[in-house]
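Trainee: Could you take me through one part of this model up close? I'd like to see how the pieces of the chain sit against each other.

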Amino acid sequence: MLTLAIETSCDETSCGVVRDGREVLSNIISSQIEIHRVYGGVVPEIASRKHIENINLIIQEALDEAKVGFKDIDFISVTQGPGLVGALLVGLASAKAIAYGLDIPLVGVNHIEGHICANFIQHKDLEPPFTCLIVSGGHTYLIDVEDYAKYKLFGRTRDDAAGEAFDKVARAMGLPYPGGPVIDKLASEGDGKIILFPRVFLEEKSYDFSFSGLKTAVLNHLNQLKQREEEPDIKDVAASFQEAVLEVLVEKTFRLSRETGRDKIVIAGGVAANKGLRNSMEERGKLEGVKIYYPSPVLCTDNAAMIGSAGYYNFIKGVRSPLDLKVDPNLGFLE
Ligand code: KG4
Ligand code: ZN
């Protein structure tokens, strides 16, 4: 089955063609990061306008690169939410028009599920069940993947998402948007043991996360230095912050894999591109006999191929969306 996939939930206009949920024939990503960087974050109105300008071109490019035409497509996969309402609307309206015009099924996809499925594209041998940590710019979830498109929620963030914490701390340090990749690089050159920022584990048995206290601790540290007219060593601050985030993420993920008896841990979402996170997970995985999976960096951040994969696994389960499907900017994931 061939799906044409469309993803426009934030600041990437992306379209791709995916065969049977795992084989990527094309995955075109037009990023708006340079446009939004001037403002220090994504400006929703600008994002929507850019999606409108780009979407038809990107769809055509995705078909061309895959060497297929509209007539070869069996169904359309599109992000329904969560995301920016105006941005989502552009993708969904395009998807509906194509599905209607070709008289083929439409499958609305949860963006978070797409991030998980990026791993099925990357690792052809990966099969459920496994423990999955999803860490993106807007969401943080710890789940058990029992089967394809069958999930059980164990933990989520109670305030900021992991990626959001990276972005906010980077902004306070005067670093460009998005902050995650910049902090990742600085952290690799700094000493994470220099400043002891808080590790927030919450209640003893909880799988939830909280990152806003850590963010405040970093801001306080920077402010105290400023008052004393001292310059922060941004490499050490980045490394110490990152280590505080990673320690909690790794600890809780391994606790869940132990309790559910899983021998595979999968990480997904933009923060899964973080080298420190990948290394910590792998080191711990070796000790505990757990295999670690993550997508290549381009499949970690937003892209249409992952939506095509998630669309496929829903399609073969019989999911079909009506042509009056609405975007849902606050679409929950298992909540
Ligand atoms: O998954 P994604 O593309 O968008 C959402 O669905 O939210 O994730 C973007 C987030 C941003 O917060 C960005 O700073 C973070 O992923 N990110 C990283 C890295 N690369 C991207 N965070 C830490 N280390 C990285 N290398
Ligand atoms: Zn995303």
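**A buried serine and the domain boundary**

Mentor: Let's start small: S30 counts as buried, because its relative accessibility is 18% and the cut-off for buried is under 20%. Bear in mind that this is a predicted model. S30 belongs to strand 3, which covers residues 23–31. Leaving out residues up to four places away in sequence, S30 touches D11, E12, T13, N54 and I58.

Now zoom out to the domains. The domain assignment splits the chain into domain 1 (2–115 + 300–315) and domain 2 (128–296). Taken over C-alpha atoms, their centres are 27 Å apart. Where the two meet, 16 residues of domain 1 are in contact with 19 residues of domain 2. About 1400 Å² is buried between domain 1 and domain 2, with carbon and sulfur atoms giving 67% of that area. On the domain 1 side, I112, H115 and C300 stand out: they supply 43% of the area domain 1 buries against domain 2, more than any other three residues.

As for polar links, there are 0 salt bridges between domain 1 and domain 2, but 6 residue pairs are in polar contact, both partners at pLDDT 80 or more. Helix 1 (33–37), helix 4 (111–122) and helix 11 (304–315) each supply at least two residues of the domain 1 side that touches domain 2. Helix 4 gives the most, with 3 residues. By class, that side of domain 1 has 7 nonpolar, 5 polar and 4 charged residues.

How values were computed:
Residues are numbered from 1 along each chain as its sequence is written. Chains are lettered from A and ligands numbered from 1 in the order in which they are written. This is a predicted model: local features need pLDDT of at least 70, side-chain atom pairs count only at pLDDT 80 or more; totals for chains, interfaces and linings use all residues. Side-chain values use heavy atoms; hydrogens and water are left out. Helices (H or I, at least four residues) and strands (E, at least two) are DSSP runs, numbered from the N terminus. Buried means under 20% relative accessible area, exposed over 50%, partly exposed in between (1.4 Å probe, protein chains only). Contact means heavy atoms within 4.5 Å. Domain bounds come from an automatic or database domain assignment. Buried area is the accessible area (1.4 Å probe) that two parts lose on being put together, summed over both. A salt bridge is a side-chain nitrogen of Lys or Arg within 4 Å of a carboxyl oxygen of Asp or Glu. A polar contact is a pair of N or O atoms within 3.5 Å; within protein, one must be able to donate a hydrogen and the other to accept it, and residues adjacent in sequence count only if both atoms are side-chain atoms. Ala, Val, Leu, Ile, Met, Phe, Trp, Tyr, Cys and Pro count as nonpolar, Asp, Glu, Lys and Arg as charged, and the others, Gly among them, as polar.
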